There are 2 protein chains.
Amino acid sequence: MPRGNGLGPPWWHGRFRGCGYKITLGREAILNALIKADQHLSAEDIYQKVHTTYPAIGLTTVYRTLEILVNMGLVFKFDFGDGRARYELVEGSKKSHHHHHLVCTNCKRVIDYTDFVDDEIGLLKKTEKGLSKKYSFEITNHVIQFYGLCGQCKNTK
Amino acid sequence: MPRGNGLGPPWWHGRFRGCGYKITLGREAILNALIKADQHLSAEDIYQKVHTTYPAIGLTTVYRTLEILVNMGLVFKFDFGDGRARYELVEGSKKSHHHHHLVCTNCKRVIDYTDFVDDEIGLLKKTEKGLSKKYSFEITNHVIQFYGLCGQCKNTK
DNA sequence: TTTGTAAATGGAAACCATTTTCAATAAGGA
DNA sequence: TCCTTATTGAAAATGGTTTCCATTTACAAA
Ligand SMILES: [Mn+2]
Ligand SMILES: [Mn+2]
Ligand SMILES: [Zn+2]
Ligand SMILES: [Zn+2]
């Protein structure tokens with residue numbers, strides 16, 4: 001559950017300053033857009049949303065801020081294969097939990113799912129251990145995505 | 001094991017014609033580049049290779065042919081996060097088996113691995129069944145990739 | 001073999017998400 | 001309030017991929 005429900009300063013200010021970054025209106029607005037979002041936003045999506053309440057924002061700043069957030073580990077960056085990156089607040093920053101994605105190759109819809117995630121985590125742990133030993137490869141991240149047709153697109157075909 | 005070891009026409013000619021495509025020198029050269037390759041090639045990589053034996057080739061044709069091959073299911077298209085797509089002959093077209101990838105985020109090296117693939121397949125089957133039922137999502141493809149530091153880059157840090 | 005026709009081709013231009021450049025601005029410690 | 005330096009936005013650059021279009025080619029039919 002996020003703190004800062006209208007009372008003190010937003011929960012991420014401390015972490016932001018701790019990394020030596022300044023708090024600016026643009027960054028504030030971008031974070032809020034990500035916090036309010038219930039979907040996976042592109043840089044352009046975020047730019048549009050922020051632009052309505054803070055017209056001075058530049059797309060460049062959106063890209064730069066997102067890069068910082070990704071490097072700080074506050075935001076995930078995804079590639080769903082449509083040529084533009086998508087951004088999503090990391091679990092713990094929101095109500096969300098660890099999840100993976102179903103991507104419809106037809107309508108580009110993306111479904112979050114948490115089913116079987118425990119099983120997946122178990123396998124991943126085991127795999128990571130084995131692979132890091134065999135290839136002395138240090139795994140820091142993983143991607144699991146399913147591609148196919150969503151219910152609606154399946155029926156339309 | 002691929003057929004056509006110097007005797008009849010290449011194994012993929014039939015499938016190609018079956019889809020209504022014509023056999024051309026360019027397509028022949030591109031397929032051969034993929035067959036001979038032991039790594040994951042970008043469009044530019046393929047263009048360079050083909051260009052040495054068939055200078056008339058155009059990069060455009062490489063892209064067009066790759067798209068056909070991907071749609072026909074003869075070639076996989078991957079995104080390892082470095083801004084350019086990589087292509088790899090599908091299992092069965094070569095000696096290769098079903099495998100997944102370890103991607104070094106530092107040197108961009110990609111390691112094929114088959115370890116734990118059986119376990120993974122088991123989980124995937126289960127997951128696919130559950131997800132297709134719950135979300136009526138028809139899964140046609142999946143991506144499992146691990147990101148991190150390869151042995152060499154780990155030591156250099 | 002010759003011919004007809006649609007498919008295929010290459011080069012140049014367009015596309016488009018993202019990055020770089022740079023002069024102006026603003027955050028925040030002193 | 002003042003100073004320093006990070007941050008910013010606009011415009012230009014970048015670079016992989018796609019589109020355009022006039023020319024060439026594969027190959028089936030004659
Ligand atoms: Mn998600
Ligand atoms: Mn591979
Ligand atoms: Zn769909
Ligand atoms: Zn490496």
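Modeller: In this predicted model, a helix is a DSSP run of H or I with at least four residues, a strand is a run of E with at least two, and both are numbered from the N terminus. Read in that way, chain A has six helices and six strands, and from the N terminus on its elements follow the order α-α-β-α-α-β-β-β-β-α-β-α. The C-alpha trace of chain A spans about 45 × 45 × 30 Å along its principal axes.

Colleague: Why are α2(A) and α4(A) called roughly perpendicular to each other?

Modeller: The axes of helix α2 (residues 25-36) and helix α4 (residues 59-72), both of chain A, come within 10 Å and cross at roughly 70°. Angles of 65 to 115 degrees count as roughly perpendicular, and the pair is therefore given that name. The crossing in which α2(A) passes α4(A) is right-handed.

Colleague: Which residues make the contact between α2(A) and α4(A), and how do they divide by class?

Modeller: From α2(A) come Arg27(A), Ile30(A), Leu31(A) and Leu34(A), while α4(A) supplies Thr61(A), Val62(A), Thr65(A), Leu66(A), Ile68(A) and Leu69(A). By class, this contact holds seven nonpolar, two polar and one charged residues.

Colleague: What makes α5(A) roughly antiparallel to α5(B)?

Modeller: Helix α5 (residues 117-135) of chain A and helix α5 (residues 117-135) of chain B pack at an angle of about 170°, with their axes 11 Å apart. Since an angle over 145 degrees counts as roughly antiparallel, that is the term for α5(A) and α5(B). In this case α5(A) passes α5(B) in a left-handed crossing. The contact is made by Asp119(A), Glu120(A), Leu123(A), Lys126(A) and Thr127(A) of α5(A), together with Asp119(B), Glu120(B), Leu123(B), Lys126(B) and Thr127(B) of α5(B). Those residues divide into two nonpolar, two polar and six charged.

Colleague: How do you know that the arrangement around the zinc ion (ligand 4) is tetrahedral?

Modeller: This zinc ion is coordinated by the SG atoms of Cys104(B), Cys107(B), Cys150(B) and Cys153(B), at 2.2 to 2.4 Å. The four donor atoms subtend angles of 104 to 114°, and four donors count as tetrahedral if all angles lie between 85 and 135 degrees, so the arrangement earns that term. Along the chain the donors follow the spacing C-x2-C-x42-C-x2-C. Among them, Cys107(B) in the loop between β4 (100-104) and β5 (110-113) of chain B and Cys153(B) in helix α6 (residues 151-156) of chain B are 46 residues apart, and this pair links distant parts of the chain.

Colleague: What arrangement do the four donor atoms make around the zinc ion (ligand 3)?

Modeller: The zinc ion (ligand 3) has as protein donors the SG atoms of Cys104(A), Cys107(A), Cys150(A) and Cys153(A), lying 2.2 to 2.4 Å from it. Their angles of 103 to 115° make the arrangement tetrahedral, as they fall between 85 and 135 degrees.

Colleague: Why is the arrangement around the manganese ion (ligand 2) called irregular?

Modeller: The protein donors of the manganese ion (ligand 2) are NE2 of His40(B), His99(B) and His101(B), OD of Asp112(B), and two OE atoms of Glu88(B), lying 2.1 to 2.7 Å from it. The six donor atoms subtend angles of 51 to 176°. Six donors count as octahedral if opposite donors are over 155 degrees apart and all others between 65 and 115, and anything else is irregular. The lower end of the range, 51°, fits neither condition, and the arrangement is therefore irregular.

Notes. Residues are numbered from 1 along each chain as its sequence is written. Chains are lettered from A and ligands numbered from 1 in the order in which they are written. This is a predicted model: local features need pLDDT of at least 70, side-chain atom pairs count only at pLDDT 80 or more; totals for chains, interfaces and linings use all residues. Side-chain values use heavy atoms; hydrogens and water are left out. Axes are lines fitted to C-alpha atoms, for helices over the stretch in contact, and angles run from 0 to 180 degrees between N-to-C directions. Angles under 35 degrees count as roughly parallel, over 145 as roughly antiparallel, 65 to 115 as roughly perpendicular and the rest as oblique. A crossing is left-handed if the near helix is turned anticlockwise from the far one by less than a right angle, and right-handed if clockwise. Contact means heavy atoms within 4.5 Å. Ala, Val, Leu, Ile, Met, Phe, Trp, Tyr, Cys and Pro count as nonpolar, Asp, Glu, Lys and Arg as charged, and the others, Gly among them, as polar. Donors are N, O and S atoms within 2.8 Å of the metal (3.2 Å for Na, K and Ca); water is not among the atoms, so sites may look incomplete.
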